Amino acid sequence: MGLPYRILTIWSNTITPRIGHKIYSFLVLTSTNDEALKLAKKGAKEGTIVISRIQTKGRGRGENIWYSEPGGLYISIILRPNLSREELLPFSLVIANSVAKAIETVIKVKIGTKWINDLIIDNKKVGGILVETEGETEKPDFLIAGIGVNVNQTHFPNNDTMTSLRLIVSQKISRWQLVKAIGKELEKDYPLFLSNKFSPFREEYKSRCAILNKAVSVIVGSDKILGKVIDIDEKGRLILLTSNQKLIRLTLGRILREFDPLFC
């Protein structure tokens, strides 16, 4: 029969007036993005948060699975930005930057990013962002900002690539404290993005970007591109210098690995 997808608690007026004014808390969901999508279709207000202790089908970008056992933080936020899909392209980077700042207020450890949507510490993944919309209209009615952070887990299926905040600081972390910190950062950053897009966040994001000035392989569709990351532009695109000295700008792609080619 599986675990019941029932609401544990509904909190109101909890974090900030705009972000987290209502929070739906669950013991288990397929994914918080799935539930947030249902609520958004029913007219849930901007800033509504869905949170779950466990996800049975947690996911990342593409077909990636997100390890979603107890101890992690799994939340989704409903937003209604009234922006075009092109304008929304760098929003994952903005959210990643906001979540990184929130984590730093809680554990006082520098958080890095890996374009597009990963949060890292010491080259190990500690969190990720998944922004989803529905339909094909030029301006989506809403978007779902999914955030996953490895908070208190002590083991992972692949310990070589993942870590948790608890493993970094050797103590248990309050997930609720982190939820509040994320809400407060987005309360400031979301309106700034609406009015100024990616520009105010670009330099800070670049300062966190662990692959800047590194040689990487990037999967784009069925192609693998090798090159050196030389910049993140004003639209959040990755600027890559390929081995034949060609500059390309990527809006999507999956970073597979770093390497040390002769041309770098």
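**Note on the predicted fold: core, hairpins and strand pairing**

1. Leu238 is a useful place to begin reading this predicted model: beyond its neighbours within four places in sequence, Leu238 is in contact with Trp115, Ile211, Val218, Val229, Asp231, Ile232, Ile248, Arg249, Leu250 and Ile255. Apart from the core that includes Leu238 among its 58 residues, there is another core of 11 residues, whose members include Leu39, Ala40, Ile78 and Phe142.

2. The largest nonpolar core holds 58 residues, and within that core Trp115, Leu178 and Leu238 are the residues that touch the most other members. Helix H3, which covers residues 91-107, supplies the largest share of this core, namely 11 residues. As a general background to such an arrangement, nonpolar side chains in soluble globular proteins tend to be buried together.

3. On the scale of the whole protein, there are six helices and 13 strands, and buried residues account for 52% of the 264 residues. Counting contacts between residues at least 6 apart in sequence, 62% join residues at least 24 apart. The accessible surface comes to about 12900 Å², and carbon and sulfur atoms account for 49% of that surface.

4. Strands E9 and E10 may be taken together. Strand E9 (residues 215-220) runs antiparallel to E10, the two being joined by six bridges, and Ala215 has Lys228 of E10 as its bridge partner. The two strands form a hairpin with two residues between them, and Gly221, which lies in the turn, has a positive phi of about 65°.

5. E10 also pairs on with the strand that follows in the numbering, since E10 and E11 (residues 238-242) are paired in the antiparallel sense over five bridges. Lys228 appears again here, this time with Leu241 of E11 as its bridge partner, so that residue should be read together with its pairing to Ala215. E10 and E11 form a hairpin with five residues between them, and Gly236 in that turn has a positive phi of about 80°.6. Within E10 (residues 223-232) sits Gly227. Is Gly227 buried or exposed? Gly227 is buried, with a relative accessible area of 0%. Its C-alpha lies 9.1 Å from that of Lys246, while the two residues are 19 apart in sequence.

7. Strand E6 (residues 118-121) is covered on both faces, with Asp118 and Ile120 buried on one side and Leu119 and Ile121 buried on the other. In a regular strand, side chains alternate between the two faces of the sheet.

8. E6 has a paired strand before it and another after it in the numbering. Strand E5 (residues 112-114) is joined to E6 by three bridges and runs antiparallel to it, with Thr113 partnered by Leu119 of E6, and a hairpin of three residues connects E5 to E6. On the other pairing, E6 and E7 (residues 124-132) are antiparallel over four bridges, and Ile121 has Lys124 of E7 as its bridge partner. The hairpin formed by E6 and E7 has two residues between the strands, with Asp122 in the turn showing a positive phi of about 50°.

How values were computed. Residues are numbered from 1 along each chain as its sequence is written. This is a predicted model: local features need pLDDT of at least 70, side-chain atom pairs count only at pLDDT 80 or more; totals for chains, interfaces and linings use all residues. Side-chain values use heavy atoms; hydrogens and water are left out. A nonpolar core is a set of buried Ala, Val, Leu, Ile, Met, Phe, Trp, Tyr and Cys residues joined through side-chain atoms within 4.5 Å. Buried means under 20% relative accessible area, exposed over 50%, partly exposed in between (1.4 Å probe, protein chains only). Contact means heavy atoms within 4.5 Å. Accessible areas come from the Shrake-Rupley method with a 1.4 Å probe; for residues, only the protein chains shown count as cover. Two strands pair if DSSP finds at least two bridges between them.
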